[in-house]
2 protein chains.
Amino acid sequence: MSTRIVEVRAGVLKKNDELARELRSRFEQAGTFVVNLVSSPGTGKTALLERTLTDLRARGARVAALVGDLETDNDAKRLARSGAQARQINTHGRCHLEAEMIGEHLAGFALPELDYLFIENVGNLVCPASYDLGEAWRVALLSVTEGEDKPLKYPSMFNSADVAIITKIDLAEPCDFDRVAAHDAIRSVRPAMPIFEVSVKRNVGIDAWLDALAARRTLWQGSRPLATT
Amino acid sequence: MSTRIVEVRAGVLKKNDELARELRSRFEQAGTFVVNLVSSPGTGKTALLERTLTDLRARGARVAALVGDLETDNDAKRLARSGAQARQINTHGRCHLEAEMIGEHLAGFALPELDYLFIENVGNLVCPASYDLGEAWRVALLSVTEGEDKPLKYPSMFNSADVAIITKIDLAEPCDFDRVAAHDAIRSVRPAMPIFEVSVKRNVGIDAWLDALAARRTLWQGSRPLATT
């Protein structure tokens, strides 16, 4: 890349960081715990999210979702089946969500009435790593069909995330998926990363994941001194 | 550094990573949630830890501590006042704890009978960042007397940590400590980092910190599929 392009990119990232900071402050003041889901295309973000929205609603939580794709509103329609408010963000060719897009799509959401807001990022293990969306928790997903070494190939994404979820765990055996190797790969990038294994289809690990969300939200609620004083 | 020295250092780190992985697996199987406390000298790690041990014991938790210093066993004696088992690790000149030292000092601890094991690292904002100790949670402390920009100067430490604690918050005003600038500095290194503010002396923020520990341990307990299957 030329110096000029590098400078432009640095400028975009800086602007994004500032907008993300404003968003984070807004979410903290509203008490909305925001989760940013990142993964390759086809890892099963939407499937897990649909299930998460449905089950959190059954537990009495107030939830909503923003979902990013280059085109189509298929995913927002799918997520809306949970009964939660779900809104599509079309990036029209851009390979990641940016803080500005989040801000533009918050109109109509009553944040103080939301316990959780989930952001499903564009399927991409590279660019979303660099774009803070003001989230409180970044969750990186990896499916057993993708192979165990993805965290080593995409270390920025896994290092910037706070938790990892291995999806489609019911297919581990037919895919010859080596769980130990996958855990080692994740933890060689971020040693103390909590790892969950789920299968939405077979209802494996979902309750542990929902409990973790609730526990992490509790932690976050206790950690907001700037917003609460 | 010469190539030779770089190679030796890489070898040491690799060996440390392997030992840390074994320790982590051992802690996970025992159900012991391990917390690694890192900061500059004088930030108040021992004061917060003594208080944490005392209060967790009062809440019914089973706790112990390992504390690293170049020389003296002053800190272990101080921590033992809490009633918890506390053991000193003297590094004899080394500027950080290593996984091997942790392993050597676990003899006599009945890990399955411990809910929490705290490791107080050597006061140093550089080297401990590179040494995984098998912990489940890395906590970076910063006191208001140190200035707001430490996270920018020591990004590896704050990036590798999972949570930040600002200590001696009762001195914020006399120190002209800018809380917003400190939060921004921490979050420019790791955007979604949870931040707690505490004063052990004035009993500020301690309950929120203890609640966060419990919530994070719950999350960790749900995230151990390799150990529990």
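Helices and strands are named here as DSSP runs, H or I over at least four residues and E over at least two, numbered from the N terminus. In these terms, A:K168 sits in the loop between strand 6 (163-167) and helix 7 of chain A. The views below are taken from a predicted model.

**View 1. Backbone at A:K168, in the loop between strand 6 and helix 7 of chain A.**
Most residues other than glycine have a negative phi. A:K168 is not a glycine, yet its phi is positive, at about 55 degrees. A residue counts as buried if 20 or more other C-beta atoms lie within 10 Å of its own. A:K168 is therefore buried, with 26 other C-beta atoms within that distance.

**View 2. Backbone at A:H92, in the loop between strand 3 and helix 4 (99-104) of chain A.**
A:H92 is not a glycine, but it has a positive phi of about 50 degrees. Is A:H92 buried or exposed? It counts as exposed, because it has 8 C-beta neighbours inside 10 Å, and the limit for an exposed residue is 12 or fewer.

**View 3. The open sheet of chain A, with seven strands.**
The strand order is 3-2-4-1-5-6-7, and the pairing is parallel. Strand 3 (85-90) and strand 7 of chain A are the edge strands, each pairing on one side only. On average, neighbouring strands are turned by 20 degrees against each other, direction ignored. Strand 1 (residues 33-38) of chain A and strand 4 (residues 116-120) of chain A run parallel and are joined by five bridges. In strand 4 of chain A, the residue opposite A:L37 is A:E120.

**View 4. Surroundings of A:A65 in the largest nonpolar core.**
Nonpolar side chains tend to be buried together in soluble globular proteins. The largest nonpolar core of this model holds 136 residues. A:A65, A:I119, A:A164, B:A65, B:I119 and B:A164 are the members that touch the most other members. Which residues does A:A65 contact, leaving aside its neighbours within four places in sequence? They are A:L49, A:L53, A:L79, A:A84, A:A86, A:F118 and A:E120.

**View 5. Strand 4 of chain B and the strands paired with it.**
Strand 4 (residues 116-120) of chain B is largely enclosed by the rest of the structure, because five of its five residues are buried. B:Y116, B:F118 and B:E120 point one way from the strand, whereas B:L117 and B:I119 point the other way. Strand 1 (residues 33-38) of chain B runs parallel to strand 4 of chain B and is joined to it by five bridges. Here B:V34 stands opposite B:L117. Strand 2 of chain B is also parallel to strand 4 of chain B, again through five bridges. In that pairing, B:V63 faces B:Y116.

**View 6. Sheet edge at strand 7 of chain B.**
The sheet of chain B is open and has seven strands, paired in parallel in the order 3-2-4-1-5-6-7. Strand 3 (85-90) and strand 7 (195-197) of chain B are at the edges with a single partner strand each, so one side of each has no neighbour in the sheet. The twist from one strand to the next averages 20 degrees. Strand 6 (residues 163-167) of chain B pairs with strand 7 of chain B in the parallel sense over three bridges. B:A164 has B:I195 of strand 7 opposite it.

**View 7. The loop residue B:R59, between helix 2 (45-58) and strand 2 (63-69) of chain B.**
B:R59 counts as partly exposed because it has 13 C-beta neighbours inside 10 Å. B:R59 and B:L210 are 151 residues apart in sequence, but their C-alpha atoms are 9.6 Å apart in space.

**View 8. The symmetry axis relating chain A and chain B.**
A turn of 180 degrees with a shift of 0.0 Å along the axis lays chain A on chain B, with an RMSD of 0.0 Å. The two copies are thus related as by a two-fold rotation axis. In chain A, the C-alpha nearest the axis belongs to A:A215, at 2.5 Å. The copies use the same surface, since 100% of the contact residues of chain A recur in chain B.

**View 9. The side of chain A that touches chain B.**
In this interface, 28 residues of chain A are in contact with 28 residues of chain B. Strand 5 (137-143), helix 7 (179-189), strand 7 (195-197), helix 8 (206-222) and helix 9 (225-228) of chain A each supply at least two residues of this side. Which element gives the largest share? Helix 8 of chain A does, with nine residues. By type, the residues of this side divide into 16 nonpolar, four polar and eight charged.

Terms used:
Residues are numbered from 1 along each chain as its sequence is written. Chains are lettered from A and ligands numbered from 1 in the order in which they are written. This is a predicted model: local features need pLDDT of at least 70, side-chain atom pairs count only at pLDDT 80 or more; totals for chains, interfaces and linings use all residues. Copies are superposed by least squares on the C-alpha atoms of residues with pLDDT of at least 70 in both. Two residues are in contact if their C-beta atoms, placed from the backbone, lie within 7 Å. Ala, Val, Leu, Ile, Met, Phe, Trp, Tyr, Cys and Pro count as nonpolar, Asp, Glu, Lys and Arg as charged, and the others, Gly among them, as polar. Two strands pair if DSSP finds at least two bridges between them. Axes are lines fitted to C-alpha atoms, for helices over the stretch in contact, and angles run from 0 to 180 degrees between N-to-C directions. A nonpolar core is a set of buried Ala, Val, Leu, Ile, Met, Phe, Trp, Tyr and Cys residues joined through C-beta atoms within 7 Å.
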